[in-house]
Amino acid sequence: MENSFEPKIVAFVCNWCTYAGADLTGTSRTKYATNVRIVRFPCTGRIDYNLLLKAFEQGADGVIVSGCHPNDCHYTSGNFHARRRWIVFRQMMEYMGIDMRRVKFSWVSAAEGAKWAEIVNETVQEICDLDPSKEFSETAIQKVA
Amino acid sequence: MSIANHVDVTLAETVQDEIGMSVNHCYQCGKCSAGCPAANEMDFAPSIIMRLLQTREAASEMKILGSYTIWLCLACHTCDARCPMDVDLPRIMDILRAESLRRKVVHRGARDIIAFHKSFLHTIRHFGRMWEVGLVAGYKLRTRHFWQDIVLAPLMLKKGKLALLPSYHKKLSSRFFSNAGREVEQPK
Amino acid sequence: MKIGLYPGCSFEGSAREYAESLRAIAPPLGMELEEVEGWSCCGASSAHAIDHGLSLALPASILAQAERQKMDEMVVPCAACFNRLASAKSDLAANARVRQQVADMIGMSYAGTTIVRNILEVLDRVLTPEVSKTFPNTFPHKVVCYYGCLLVRPKSVTREGRIEDPVQMDELMNRIGAKPLDWGMKTECCGASLSVTRTDVVGRLSGNILEDAAGRGAEAIIVACPMCHSNLDMRRKDIERTTGKKFSIPILYVTQAIGLALGLDHKQLGMQRHFVPVDLKGKSKIQIKPQTGVKAAV
Amino acid sequence: MSRVGVFICHCGENIGATVDCRKVAETCAAIPGVSYSVDYKYMCSDPGQNLIREAIKQKNLTGVVVAACSPRMHEPTFRKTCAAEGLNPYMCEMANLREHCSWVHTKSDATTEKAIDLVSMMVEKVKRNKPLYSIKVPVTKTALVIGGGIAGIQAALDIANAGQKVVIVEREPSIGGHMSQLSETFPTLDCSQCILTPRMVEVAQHPNITLYTYSEVESLTGFIGNFTARIRKKARGIDEKACTGCGDCSTACPFKKNPSEFNMGLGMRSAIYIPFPQAVPNKPVIDRAQCSYYLRGKCQFCVTKCPANAIQLDQEDELIDIPVGSVVVSTGFNIVDTSFFPEYGYGKYKDVVTGLQFERLLSASGPTLGEVKRPSDGKVPKKIVFIACAGSRDPAKGIEYCSKICCMYTAKHAMLYRHEVHDGDAYVFYMDIRAGGKGYDEFVRRAIEEDNVNYIRGRVSRVYERGGKLIVRGADTLLGAQQVEIEADMVVLATAGVANAGAEELAQKLHVSYDSHHFFAEAHPKLRPVETNTAGIFLAGACQSPKDIPDSVSQASAAASKVVGMFSGDELTREPVVAVVNRSAPPAFSTCVGCFMCQSACPFHAIEREEIKTRDGKIIKTVAKVNPGLCQGCGTCVAFCRSDSIDLQGYSNEQVYAEVMELMS
């Protein structure tokens, strides 16, 4: 990373696919960047996108949302609901002036340990190129207020 | 063989740097040797070359670079077309030949082959294109095989397949040639 | 159809009949061939054998010239040249830094926009089943199609889907009324790159090819590669010396076979230049000794 | 004020090597609300667990955070520990310091920093945890077994013999699977049919087993203990009750030239057919793709010839819903697609056959009645070559893994061939011989030493035809990789085993995970090999990975015992991770506005309408209510709720927000 700063990234993942996938990354001892903290949910369908705002408001530089591939959802359709709501919510975040490159959406199955490592490293790299997140404090607040 | 005396930059590393794949990727199934049309003439079958690379031993490396095999490779790509591990043997052979020339440990039987390549490149260097007469003349001078294919020439001439004079006079820019060639890294 | 042409050195020497037959069949097939100006040798097997830089520089300079002449496509009849150009092209496409270095070496800009086509791809396009119906003659012979290495391997370079059993040439033969036979040597190597230096190896490898072809009662072997042709035709005596067998089977360029179907005469197609006389009446006659079981179990 | 205990596990060196556990423990001790913090070598060990129990007692803890491995591994362990000490198990949470931290990072301050974050995050969560009480749900004591191969048969019989009801669904017209196609079985060489057929009959006659052949699972809904399976019973065109299996119909059928699936295309069958003589049930099926009646509306020979008038040409598919408590998936494997080996000439040369085809040629019930004859001209091959790893261990073509069974069945093939054709030569080209297993290596040695099978170590480059012979060009890597050329009469490919076509689709219907090769994924590679990640669904046999018969059978019995265990009580306890609609008394105070977005979002139809009435029965409003029996706790409803009236126990808004805020502070 040319950029010196260590971004804070939080990952909202589902318990059945991505969390298990991340476990597999561990059991296969694949190394990746330390910047990501995983918050575990039963399903991406549970993820209330206000959490993303909260994360940014609290000073996160990036967010990863990851769950089961389409059709693989442990609860049949949670990930579809998540995707559908995201389409709407994303526009609002854009309106609020948050750089959408800070949010990474992905599907990682329980078998894709290597993919999880890649996603984390990519995201960290991309966020590093973006500099620390200020949008929320600078733009979002005023717009909403 | 003692696994003790390793060399600092092994051939294995050189190869890996250039083809972007560890030589350990080869699991010695022998499919390359099985299909190689020139294997019968070789001193080491292709898969043995891979094995020798894997030992990362000075002694093995001398065996490889001094081998006839690397010069007999026809670059017919039968091996890598069928290799279950996608090992690009023809490229590895290219690399080994270059290294063998660089370290000046070329197999004596390969002299003719090199002589041929040299005269070939010499010809195109001077005429821009291949010119059989020039090529063969150069080759014969280098190898002293004056009588080889002596019957072929007049026949080719009769059939109009041999141009007594080169068709084209355009010296190739020297920038094209090996000194320059060395600067070019092999694509991964 | 207007298309670029890179003849390659052999077109002026050992493969003149290939050149002649191609130029002869081009007009009736509606091909307009535009030659790459001031072309040089592609480096063939020697360059990449001992000078990697050169093996990229020469093809690059040719392709760069083709670009200057605004060629979207360029047909390369010589399989060896085709393979060199195509693989250099993909090597250069794979690595920007190398591309730059090579561009500096040849002192020309290189973008890699010209598509390199082998003869079969092009013939397949112009010699459609419809077109073939308009031919005055047919080529009613049992033949085997010999592709060799350079037209099919490596897959990544040649875009050939069926590397173990290619069929484009067989289809072309079908279209002109020939009967392509299934045989075992379609893509075996003839030993080209050791032609001069290890004639004995060539003798053995090419011998196998002639043997299998003749053994299956083929009247001719159809090729699309000057190297293969000169090995199987010009080197016939050497082959017979190493194998101790006599072979009468003629070797025809795919373009010559098509030429015959187009009703062109032997002279127009450069048949007289062959070392092995082209007489397609008599079946090739040789007896093949029965093979032994396990060969190399020594 | 909560009193949380933090327990940092070193997991030997696994965590301790890269994370400074002592530092983590010390830092966490300072977090407000934490009244005890300690690190220890192995938390999951007895002394470790006692450490926790003591702390709960001494410090009278209200919550526990164990920072160790993945909760998917040990959460149950530590929750039990807490429960044993009287602390509500759901007041215990785990921070994943091993899989998500120490194993994926190198030793550094950053790593320890991350560990601290992960722990404090969980501390903030636990502070907000509420005691939860596990939910009791009734169990339907019927097991669904999908796939009637040897694994399915074994599982079904074990469950049925334990006195529970079983439903078997088999895609093909008969049960028996691949095992019924095999000639003899290694390492004992007893005839496959002889040991299998009695089992098949037992299944058919067992009072506790209902058999649906020529049927497929359409869908599976519900949850552990309470699934509903919808089964499509494909139309056989036969009244199975009336049919006596006499076979007159097949004899009468004029369309006899259809390649037989059972004989791998080496034999022919009629359009109406019984797949093989020992089929169970022994009832024919009409192949509508081949039958003239369906193609041209003509010919009813079978109808006229049937003495029992059992033929029903107008029969249609049937959909049957069956309530089941648990599922055993045993759909087996298949062999790799035949277009896989251009260099071996499969499909081009008749006499290049797959392992399964060769089984049919060896089998007494096969097209050649057990005589080894080559397909092209029916001659007995005098020289035969077996190519091992045909497809397996070939990343270039896409199957990286070892198919496990090929080494053994190839040895068996070669051996049986030598027994059959005494003057014949058998060659085996192999890379490694993988014969781990009881009596396995001895078996291979016997093939080599007593039956003189020529094993040659090296892969075959190419097979091609010349003068009626198959030229096999290989190398002997033990002789300096010198070339070997064999003029063979026949070539047998030790074809790789792959997941069944449609395995992915089925996995999605059942909501079980599968690996990159579409084999079903077990819950834990070592400790939970027959469970899936979906409670109540178990795996048996080759659908989980290629397996030989002994392995499949033992896995089947294991799965069966899991099912029987599940059925041992009348109800199951379920994790209380379910959604609830806030209902503070008096009920009218529920903030739910009754928009029922949640209802449309819920995949399990767990949300019901509840009318809130006054004493005199006047309806004040209609609000949502979650049926805890049906709720699976995905939480989709929570994210949908516009008035924050619905929340997920264990993942409440309060908890997850606290986690996020802690992380960023």
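How many residues does the contact take from chain C, and how many from chain B? In this predicted model, the count comes to 45 residues from chain C and 49 residues from chain B. On the chain C side, the helices that each put in at least two residues are H2 (44-50), H3 (52-68), H4 (79-94), H5 (96-106) and H10 (199-215). Sorted by class, the side of chain C that touches chain B works out at 23 nonpolar, 14 polar and eight charged residues. Of the four pairs of chains that touch, chains B and C share the most contacts.

Chain A meets chain D too, with 42 residues of chain A in contact with 43 residues of chain D. Looking at chain D's side of things, helices H5 (98-102), H6 (109-128), H18 (636-640) and H19 (653-664) each bring at least two residues to the side that touches chain A. H19(D) gives the largest share of that side, with eight residues. The class breakdown for the side of chain D that touches chain A is 20 nonpolar, 16 polar and seven charged residues.

Not every pairing comes together, though. Chain A and chain B have no contact between them, and their closest C-alpha atoms sit 19 Å apart. Chain A and chain C are likewise not joined by any contact, with 21 Å between their closest C-alpha atoms.

Note on methods. Residues numbered from 1 in each chain as written. Chains lettered and ligands numbered in written order. Predicted model: local features only at pLDDT ≥ 70, side-chain atom pairs only at ≥ 80, totals over all residues. Contact = placed C-beta atoms within 7 Å. Helix = DSSP H or I, 4+ residues; strand = E, 2+ residues; numbered from the N terminus. Nonpolar A, V, L, I, M, F, W, Y, C, P; charged D, E, K, R; others polar.
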